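Welcome, and take a moment to turn the model around before reading on. We will walk through it step by step, from a pair of cysteines to the core and then to a group of aromatic rings.

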Amino acid sequence: MHGDSDPTAGGAGRGVDTAANHDREDVPDFRMARRHVLIELLRFAAQLRNDGVTVPTSATLHAAQALSVVGLDDRSHVADALRATLLSEPAERDAFESAFPTFWHRLRSGLSAVATDHDGPTAGGDDEREDGPTHADSPVAEDPGVLEDAEPPDIDDSGDGDVEVRIPTERRHVTGDRPAETGESDARRYSAVGGRQRVDIDTAQLTEPELTAIDRFVDALSTVPGRRRRQSTAGDRVEARRALRASLSTGGAPIDLPESRPTPSELRCCLLVDVSGSVLDTVDRSVLLAFADRLYDSARETDVFLFDTELVDVTEQFARGGGDPAAALREAEVQWGGGTQIGEAFTTLRARHPYAVDRRTVVVVVSDGLDVGDPDMLADGITWLAQRAGALVWLNPLAVSPAFEPQSRGMSTSVPYLDALFGFAEPADLAEAARQIEQRGLHGQVGYEYDRRLVGADSGGGSA
């Protein structure tokens, strides 16, 4: 949602000469106002989706652009702009009208707070938040990069930036190469720089049920329709041009309304696998490579990328791996296990490999979302992916826990742009994801929160 258009330009402070008024105390913080508008808009779109409204992935971008045109002063103009950009069916209007008053109240009160430097609903904040100062060195400071239920990190004496964070996953059995248990939770490597090393494991030999689960997931993704359409007597769209041509023979009165439906196409996939230390300590590394190899073989066309602090195109290694991508990666001296910079990876993909993503492509991201890079770069990258791809699916190893909530900086930034977020720590988890997609489609109510295996599970405390 980052671009040349600034949604706050038409509202708070429109027409203010910031250069001439730089020293005035009453000049609002435009950066904070912009952030507040964007996050409240994302919150509103998420609420509509929870209420059953089909909000397209890129609709929030169009909504922000519309607000930059109509401004933020007139409630009716704002409502009309959001109806036009966020709704696609007349039946969804009731849900919009029900949710809009809360959005408008939070939007205006937050902008007023920014303009007057008073306490009020902040960007992405809750109305129930207690007032009072929050100090940067306080353990409750609201840093979007801090895991709410993680223990304070220990930095080693060497000062190389390596940090260990304890993350509750409730799935200690998912891998054989996890670190030793250290009490209530497990230690995870969470570093901005990390210590990268060459791939030094063998590709796992998956069992028949594991292969079946992966194949089912690939088949479910293949049901995402392409852009091509075909004539149908029970289609989902009226072909206006054909209807107009047919009306010429009836004096301009359209008697028949030709319809069409999407043509399913074979899966074209872009697989982005997070191979940072935190992920490699959560998922069995050999199984992770085996999953990627199986998906590569099953889809019609797949581009495979590994990323931590760098993005590496390993499609060629998977192509010539012959079922053993680990050997090909070792031969190519590919390294992994560094820190997590998701935004940097998406930016590199956009700059160097834009061909890998188009409207026929389903992008699958495997990552725990524990990003330590530039949050604005991540927002730009995930926005580009959502706009360019046919669908965007995220597999998070931490989402297999009943206590999971997407509150880390990386996940909270990315979730509004995703078509689905599933838990994935072992191939069996993909069978549940496939079941949901088969029943409801990627634009239905699917995701980790609908995992029937977690229904009734102890939600406990903790989030990631």
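A residue counts as buried when its relative accessible area is under 20%. Keep that cut-off in mind as we explore this model, which is predicted. Cys-269 is a good place to try it: its relative accessible area is 1%, so this residue is buried. Its sequence neighbour Cys-270 is buried too, with a value of 0%.

Are these two cysteines bonded to each other? What we need is the cut-off for a disulfide, which is a pair of cysteine sulfur atoms within 2.5 Å. By this rule the structure has zero disulfides. For Cys-269, the nearest cysteine sulfur belongs to Cys-270 and lies 6.8 Å away. That distance is too far for a bond, and Cys-269 is also the closest cysteine partner that Cys-270 has.

Now let us step back to the whole chain. It has 464 residues, and 48% of them count as buried. Its secondary structure comes to 14 helices and 14 strands. Among contacts between residues at least 6 apart in sequence, 74% join residues at least 24 apart. On the outside, the chain exposes about 22,600 Å², with carbon and sulfur atoms supplying 46% of that area.

Next, look inside. The largest nonpolar core has 49 residues, and those touching the most other members are Phe-217, Leu-271, Phe-291 and Leu-395. Helix H8, residues 285-298, gives this core its largest share, eight residues. Beyond its neighbours within four places in sequence, Phe-291 is in contact with Ile-214, Leu-271, Val-366, Leu-395, Phe-424 and Leu-430. A second, separate core holds 31 residues, including Phe-307 and Ile-342.

Helix H5 is worth a visit as well. Its 14 residues, 208-221, should span 20 Å at 1.5 Å a residue, and the end C-alpha atoms are indeed 20 Å apart, so the two values agree. Several residues of H5 are buried, among them Ile-214, Phe-217 and Leu-221. What covers the buried residues of this helix? The cover includes H8, strands E12 (361-366) and E13 (391-396), and helix H14 (428-440).

From here, move to strand E9, residues 301-307, where you will find Leu-306. With a relative accessible area of 3%, Leu-306 is buried. Although 33 residues separate Leu-306 from Val-273 in sequence, their C-alpha atoms are 4.9 Å apart in space. Val-273 is one of the contacts Leu-306 makes beyond its neighbours within four places in sequence; others include Val-275, Leu-311 and Leu-329.

Our last stop is the aromatic rings. The structure holds nine aromatic pairs. In one of them, the ring centres of Phe-96 and Phe-100 are 5.6 Å apart and the planes meet at 20°, so this pair is stacked. Both residues sit in helix H4 (residues 93-116), four places from each other, so about one helical turn separates them. An α-helix has 3.6 residues a turn, so residues three or four places apart point the same way.

The pattern continues along H4. Phe-100 also pairs with Trp-104, again stacked, at 6.2 Å centre to centre and 20° between the planes. These two are four residues apart in H4 as well, so they too are separated by about one helical turn. Phe-100 is buried at 2% relative accessible area, and Trp-104 counts as buried at 12%. Finally, Phe-44, Phe-96, Phe-100, Phe-103 and Trp-104 form one aromatic cluster.

Note on methods
Residues numbered from 1 in each chain as written. Predicted model: local features only at pLDDT ≥ 70, side-chain atom pairs only at ≥ 80, totals over all residues. Heavy atoms only, no water. Buried < 20%, exposed > 50% of the residue type's maximum accessible area, 1.4 Å probe, protein only. Contact = heavy atoms within 4.5 Å. Areas by Shrake-Rupley, 256 points an atom, 1.4 Å probe, with all protein chains shown as cover. Core = buried A, V, L, I, M, F, W, Y, C linked by side-chain atoms within 4.5 Å. Expected span 1.5 Å × (residues − 1). Phe/Tyr/Trp six-rings, centres within 6.5 Å; stacked < 30°, edge-to-face > 60°.
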